Amino acid sequence: MSKTITLTATDGTKVEFIDDVIGSGAMKDVYFSPDKSYVVGFFREPQDANSKDRLTNITGTYRERIFNQVGGEYWKNLFCWPTKMVEWNGKIGIVCPTYHKHFFFGSGNFKGKEKEGKWFASAKLRNRFLPAEEKGTWLTHYHMCIQIARAVKRLHAAGLAHSDLSYKNVLVDPVTGKASIIDIDGLVVPGKYPPDVVGTPDFIAPEVLETRSLKIGDPNKKLPSIQTDRHALAVLIYMYLLYRHPLRGGKVNDLDAAKDEELSMGSKALFIEHPSDKSNRPKVDQLSKSELPQGDVTKLPYSICGPYMKELFNRAFIDGLHNPTLRPTADEWEQALIKTTDLMQPCQNPNCEAKWFVFDNSTKPRCPFCGQEYHGQLPVLNLYYSPKKGVFKPENYRLMVYNKQTLYKWHVNRFVTPNEKTSDEDKKPVGDFHFFNGKWILINRRLDSLYDKDLDKKIEIGQYVELTEGKKILLSTEDGGRLIIVQLVNN
């Protein structure tokens, strides 16, 4: 019978755990609390004074800055953040909340196991091992990426770098679109706490690999930082949306496997979808059946992710691959992901695994995953902003319409942004779209100043306006209020 150990944490509170190891990672052995509401992880190796100081600040000052303020509750779902530090039998330990239930497989061969991100980032693993009910949809993968980008943005805003951002340190649930960053105890504070590790293969930035042989203290040696996190974040997002690695292609840089790895991920790293240098394109005939069709960049190019994402992938893997200052920020990824979800259309093929696709602005839209063409009338709403009264300019922002889709305050007003600060009031739908009696309509649910500009007619709450070609609809007369012009695609 395992016994319950009771300790006093460094903050003076009581911590209990059952003396029975439930899991072991690279650095820690983990134990459950009696009610399983938290776990205690003990480092197997002794922690030096610098490491103890880092853990003290992570469980104290840094945690308080993020969680003990307005909106702090929101972040508890996006981080598995250590809450206390303990010592037992000469070993240092940290207390962390237990992972949410949706981060464990509910079916298939891995039922009860953690949903480590690697299972959802690789075509081979997805296609061979995951049951359909665990894969989610392409839209829920975007929602996961939004949460990851938002969490990384928050870390960077606090001056912290994760240092080992990878699919091993992110839990995801494609079914609900949720994500949570784990292994927070290794956070890097530039200039104060150096990294414990250089990162996980596949996610280490090229400049870190390139200078790995240099000694600590050499001014040319590159260590994990906010800029290297940006590389890892871009790789994560690419892999969660396309199920392949952006740098692992068909090019061989050295016959020695270890040297080839160091070059291909370091100084010779090359985007597999580089538009002008195609030497690292994956060789489809060398891919296993389980890696297809996702491994074929000709059939499923990164452009299927939409224009906003393509631009950032170019900056991450072409402009910024060997120039860290040019890499997109976590905030830019978050905004691009959100705007892309507004370009999503449900696939009309009920058997399509992806279920959703990004509208490609063509006259004959089709799902790139299953090939199903969209049949029918498709409304596209082009959004315009007003720099001054009576003047409207295009915003490079579109909203696709589908039956029963909802309109939100952040569509109506450019000064409202969907993020962790969005109020409960602003999260409520303000209108919805329907295909009704052969016509597309927008029903006003909560907008005080919705106008049909063509008829100069106010659309009262509860009334609707028909979406016709060229129709101009003013969503709000408030400062920041947008105008939409309807475009109808017929197929």
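Hi everyone, let me start with a pair of strands: β12 and β13, the latter covering residues 391–400, run antiparallel and share six bridges. Please keep in mind that this is a predicted model. Within that pair, Val380 sits opposite Met400 of β13. The hairpin that the two strands make has two residues between them, and there Gly390 adopts a positive phi near 85°.

Now, what lies on the other side of β12? Strand β12, residues 377–388, is also joined to β21, residues 483–490, by eight bridges, again antiparallel. If you want a spot to click on, take Leu381, whose bridge partner in β21 is Val486.

Let's widen the view to the sheet. Six strands make up an open sheet, and their order is β13-β12-β21-β20-β17-β18, with antiparallel pairing. The edges are β13 and β18, the second being residues 457–459; each has a single partner strand, so one side of each has no neighbour in the sheet. On average, neighbouring strands here are turned by 30° against each other, ignoring direction. Further along that order, β17 (residues 450–452) and β20 (residues 472–474) are antiparallel and linked by two bridges. There, Tyr451 has Leu474 of β20 as its bridge partner.

From strands to a helix: my pick is α12. This helix takes in 12 residues, 330–341, and at 1.5 Å a residue it should span 16 Å; the C-alpha atoms at its ends are 17 Å apart, which agrees. Which residues of α12 are buried? They are Ala330, Trp333, Glu334, Ala336, Leu337, Ile338, Thr340 and Thr341. As a reminder, an α-helix has 3.6 residues a turn, so residues three or four places apart point the same way. And what covers those buried residues of α12? The cover includes the helices α7 (138–157), α9 (226–242) and α11 (307–319), along with the strands β10 (344–346) and β11 (356–358).

Finally, let me step back to the whole chain. Its secondary structure amounts to 13 helices and 21 strands. For 491 residues, a compact globule would have a radius of gyration near 23 Å, and the 25 Å of this chain agrees with that. Along the principal axes, the C-alpha atoms fill a box of roughly 80 × 55 × 45 Å. Of the 491 residues, 51% are buried. Looking at contacts with a separation of 6 or more, 58% come from residues 24 or more positions apart. As for the outside, the accessible surface is about 23,000 Å², and carbon and sulfur atoms account for 50% of that.

Thanks for listening!

Definitions and conventions:
Residues are numbered from 1 along each chain as its sequence is written. This is a predicted model: local features need pLDDT of at least 70, side-chain atom pairs count only at pLDDT 80 or more; totals for chains, interfaces and linings use all residues. Side-chain values use heavy atoms; hydrogens and water are left out. Helices (H or I, at least four residues) and strands (E, at least two) are DSSP runs, numbered from the N terminus. The expected span of a helix is 1.5 Å times one less than its number of residues. Buried means under 20% relative accessible area, exposed over 50%, partly exposed in between (1.4 Å probe, protein chains only). Contact means heavy atoms within 4.5 Å. Two strands pair if DSSP finds at least two bridges between them. Axes are lines fitted to C-alpha atoms, for helices over the stretch in contact, and angles run from 0 to 180 degrees between N-to-C directions. The radius of gyration is taken over C-alpha atoms; the globule rule is 2.2 Å times the number of residues to the power 0.38. Accessible areas come from the Shrake-Rupley method with a 1.4 Å probe; for residues, only the protein chains shown count as cover.
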